[in-house]
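Let's take a walk through this fold, starting with the overall picture and working down to single residues and pockets. Keep the viewer open as you read.

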Amino acid sequence: MKKFSLFILLFTLLTSCGQSNLTSSLDNDISVLAPSGTPALALANYISDHQNDVTIGGADLLAPAFLSNSYDVIIAPLTVGVTTYNKGSTYKYYRSLVWGNFYIVSKTISDISELSNGEILAFQKGNTPDVILQTILKSNGIDNVDITYASDVASAVASFVSGGSDTIIIAEPQLSNLKKQNIDFNLIDLQEEYQKVTDKSSYPQAAIFVKNELVNSGNLQFLDEMKNDINSCNLDTSLTAQNAINYIDTFSNMSEDVLKSAILGSNIRVEEDINVDKEAIDFYLTQLENLDLNTYGEKPQEDFYIS
């Protein structure tokens, strides 16, 4: 009987060790895809401990990755996650990590009302920066605005610097980089303007999506680490900036001061309560519908979210 009890004890210990090692292995091998820019900056502290597990790529890689189940976790604009969900993607929404980082810089205007009968160069037509701008314009009754679109934010900034455009939409970290240049401009915070007309302090811009197989396995311990690392970005901006410079190629040539400023201007955070995200998503998607910009399909059902 003692031999049998000893056998059970040894078996239990070995099995527990095996499960612990398996969980540890799974946690350490979570593959992540994120676009460059602020979403990558938000992951700087996480990447410092998971350098081989995170891929930073172009925005064009995101939608195909959703539909091919190529990664365990995909960081993407909310609209991409919802659109691919309606096309059959099985990735689940965890939380948003960027809550608005768009601004207007202008050499000629200092108030949003001055855009009436004016011109502005934007980017990502029909997507978040365009939606936020049009929501603000419509709510303020500002019309006859000539909105043209650059291919991306870098192109918009290049046009502004060269004198091709006097007023543009810009995002972090390009804004903080522009501030270091010898160019005079006025700054309009679109997050503040959005709050004035909607009574919402921010909007879900980029989010964390997790492969359904991983959700079903229950192996989601890594999300706590990711959440804590993201929320630590604002607590020690020097460390976050250094991690971005050291581990993310697109930030390697930026100064620590520029990145520290960009971190604080990017509204990086992960909310504890999923209901905060749900309410914000429903409101944001309603804005798309009101502007006749619904290209994502149906609003997501409850199974879209990790409960």
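Of this chain's 307 residues, 50% count as buried. Keep in mind that you're looking at a predicted model. The secondary structure comes to 14 helices and ten strands, and along the principal axes the C-alpha atoms fill a box of roughly 90 × 40 × 30 Å. If you take the contacts with a separation of 6 or more, 74% of them link residues 24 or more positions apart.

Now for the interior. The largest nonpolar core has 59 residues, and Tyr93, Ile104, Leu115, Ile169 and Ile170 have the most contacts inside it. Apart from that core lies another one, of 37 residues, with Val32, Ala42, Ile230 and Ala262 among them. As a general point, nonpolar side chains in soluble globular proteins tend to be buried together. Click on Tyr93 and, skipping residues up to four places away in sequence, you'll find that tyrosine touching Leu78, Ala207, Ile208, Phe209, Ile274, Asp277, Ile281, Phe304, Tyr305 and Ile306.

Ile104 takes us to strand β5, residues 102-106, where five of the five residues are buried. Side chains in a regular strand alternate between the two faces of the sheet. In β5 both faces are covered, with Phe102, Ile104 and Ser106 on one side and Tyr103 and Val105 on the other. What does β5 pair with? One partner is strand β8 (residues 167-171), joined in the antiparallel sense over five bridges; there, Val105 has Ile168 as its bridge partner. Another is β9 (residues 186-189), also antiparallel, with four bridges to β5. In that pairing, Ser106 is matched with Asn186.

Next, jump to strand β1 (residues 32-35), home of Leu33. Is Leu33 buried or exposed? Its relative accessibility is 1%, so Leu33 counts as buried. Beyond its neighbours within four places in sequence, Leu33 is in contact with Thr55, Gly57, Leu61, Leu62, Ala65, Tyr71, Val73, Ile74 and Ile75. For a sense of scale, the C-alpha atoms of Leu33 and Leu291 are separated by 30 Å, with their positions 258 residues apart along the chain.

A charged residue can sit inside as well. Lys227, in helix α11 (residues 221-231), has a relative accessible area of 10% and is therefore buried, the cut-off being under 20%. Leaving out residues up to four places away in sequence, Lys227 touches Tyr94, Val270 and Glu272.

Helix α12, residues 237-247, has Thr237, Thr240, Ala241, Asn243, Ala244 and Ile245 buried. The buried residues of α12 pack against α2, α3 (44-47) and α13 (256-264). Follow the chain into the loop between α12 and α13 and you reach Asp249. With 71% relative accessible area, Asp249 is over the 50% cut-off and so counts as exposed. In space, Asp249 and Ser36 are 9.3 Å apart, C-alpha to C-alpha, although 213 residues apart in sequence.

Ser36 also brings us to the pockets. Which residues lie nearest the centre of the largest pocket? They are Pro35, Ser36, Ala59, Gln124 and Val153, out of 34 lining residues. About 830 Å³ of space lies in that pocket. Several elements each supply at least two residues of its lining: α2 (38-42), α4 (62-68), β3 (73-77), α6 (128-139), α7 (153-162) and α8 (174-179). By class, the lining of the largest pocket divides into 18 nonpolar, 14 polar and two charged residues.

The second largest pocket holds about 150 Å³ of space. Trp99, Lys200, Ser201, Ser202 and Ala280 are the closest to its centre, out of 13 residues that line it. Helix α14 (residues 274-290) gives the most to this lining, with five residues. The lining of the second largest pocket has seven nonpolar, two polar and four charged residues.

Key:
Residues are numbered from 1 along each chain as its sequence is written. This is a predicted model: local features need pLDDT of at least 70, side-chain atom pairs count only at pLDDT 80 or more; totals for chains, interfaces and linings use all residues. Side-chain values use heavy atoms; hydrogens and water are left out. On a 1 Å grid over the protein atoms alone, a cavity is a set of points where a 1.4 Å probe fits but cannot get out, and a pocket is an open set with protein on both sides within 12 Å along at least five of seven lines; lining residues have an atom within 4 Å of a point. Grid points are joined across faces, edges and corners, and a volume is the space filled by probe spheres set on the points. Ala, Val, Leu, Ile, Met, Phe, Trp, Tyr, Cys and Pro count as nonpolar, Asp, Glu, Lys and Arg as charged, and the others, Gly among them, as polar. Buried means under 20% relative accessible area, exposed over 50%, partly exposed in between (1.4 Å probe, protein chains only). Two strands pair if DSSP finds at least two bridges between them. A nonpolar core is a set of buried Ala, Val, Leu, Ile, Met, Phe, Trp, Tyr and Cys residues joined through side-chain atoms within 4.5 Å. Contact means heavy atoms within 4.5 Å.
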